[in-house]
Amino acid sequence: MEDAGMNEPADFFVEDILPDWLDKVGLSATEKLLLQNLFINHCSMAELAEHYGISMSALKKRKARTLKKIRKQIQNDFMGKIE
């Protein structure tokens with residue numbers, strides 16, 4: 001498996017590519033790195049589970065928790081503007 005930046009600090013790429021509002025979510029470096037590997041480096045879930053030494057189920061939960069944080073922040077931002 002190629003190591004397409006899987007171990008790079010998330011701040012190296014993600015902050016230059018993802019929108020500024022994502023900083024408000026308060027993601028950890030690990031969560032940012034997961035987003036980077038999934039959506040920027042286009043790594044598969046299977047590759048990442050193997051790389052991190054965790055089960056697919058654990059990786060799916062990690063991804064779901066990270067995306068839930070982002071969705072919650074988006075809802076808070078937009079719902080506050082609508083009301």
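**Entry 1: terms and overall layout**

Before placing anything in a loop, I noted that a helix here is a DSSP run of H or I with at least four residues, and that helices are numbered from the N terminus. I also noted at the start that this is a predicted model. I then looked up the elements of the protein chain and found four helices and zero strands, which run α-α-α-α from the N terminus on. Of the 83 residues in the protein chain, 29% are buried. I next looked up contacts between residues at least 6 apart in sequence, and 59% of these join residues at least 24 apart.

**Entry 2: Trp21**

I began with Trp21, which sits in the loop between helix 1 (10–17) and helix 2. Its relative accessibility is 37%, so I wrote it down as partly exposed, since that class covers what falls between under 20% for buried and over 50% for exposed. Setting aside neighbours within four places in sequence, I found Trp21 in contact with Ile70 and Ile74. Trp21 and Ile70 are 49 residues apart along the chain, and I noted that their C-alpha atoms are separated by 9.8 Å.

**Entry 3: helix 2 and its buried residues**

Which residues of helix 2 are buried? My list reads Glu31, Lys32, Leu33, Leu34, Leu35, Gln36, Asn37 and Leu38. I picked Leu34 from this list for a longer look, and its place is in helix 2. Leu34 has a relative accessible area of 2%, so it counts as buried. When I left aside neighbours within four places in sequence, the contacts of Leu34 were Leu48, Tyr52, Leu59, Arg62, Lys63 and Thr66. For one of these, Leu48, I also looked up the spacing: Leu34 and Leu48 are 14 residues apart in sequence, while their C-alpha atoms are 8.5 Å apart in space.

**Entry 4: how helix 2 packs on helix 3**

I reminded myself that two packed helices are described by the angle between their axes and the distance between the axes. For helix 2 (residues 29–40) and helix 3 (residues 45–52), I wrote down a packing angle of about 140° and axes that are 10 Å apart. Roughly antiparallel would need an angle over 145 degrees, and the two helices are therefore oblique to each other. The crossing of helix 2 past helix 3 is right-handed. From helix 2, Leu33, Leu34, Asn37 and Leu38 take part in the contact, and they meet Met45, Leu48 and Tyr52 of helix 3. Sorting the residues of this contact by type, I have six nonpolar, one polar and no charged.

I added a general reminder to this entry: an α-helix has 3.6 residues a turn, so residues three or four places apart point the same way.

**Entry 5: His42 after helix 2**

What is the phi of His42, just after helix 2? I found a positive value of about 55°. I marked this one because most residues other than glycine have a negative phi. His42 belongs to the loop between helix 2 and helix 3. Its relative accessibility is 63%, so I entered His42 as exposed.

**Entry 6: the salt bridge**

How many salt bridges does a search of the whole structure find? The search finds one. The partners are Glu31 and Lys69, with their closest N and O atoms 2.9 Å apart. Glu31 is in helix 2 and Lys69 in helix 4 (residues 56–82), so the pair ties together parts that are 38 residues apart in sequence. I then checked how much of each partner is accessible: Glu31 counts as buried, at 13% relative accessibility, whereas Lys69 is partly exposed, with a relative accessible area of 35%.

**Entry 7: Thr66 and Ile54**

Staying with helix 4, I looked up Thr66, which has its place there. Thr66 has 1% relative accessibility and therefore counts as buried. Apart from neighbours within four places in sequence, Thr66 is in contact with Leu27, Glu31, Leu34 and Leu35. I noted that Glu31 in this list is also the residue that forms the salt bridge with Lys69.

My last residue was Ile54, in the loop between helix 3 and helix 4. At 23% relative accessibility, Ile54 is partly exposed, because buried would require a value under 20%. Not counting residues up to four places away in sequence, Ile54 touches Ala49, Leu59 and Arg62. I closed by noting that Leu59 and Arg62 are also among the contacts of Leu34.

Notes
Residues numbered from 1 in each chain as written. Predicted model: local features only at pLDDT ≥ 70, side-chain atom pairs only at ≥ 80, totals over all residues. Heavy atoms only, no water. Axes fitted to C-alpha atoms, helices over the stretch in contact; angles between N-to-C directions. Parallel < 35°, antiparallel > 145°, perpendicular 65-115°, else oblique. Left-handed = near helix turned anticlockwise from the far one by under 90°. Contact = heavy atoms within 4.5 Å. Nonpolar A, V, L, I, M, F, W, Y, C, P; charged D, E, K, R; others polar. Salt bridge = Lys/Arg side-chain N within 4 Å of Asp/Glu carboxyl O. Buried < 20%, exposed > 50% of the residue type's maximum accessible area, 1.4 Å probe, protein only.
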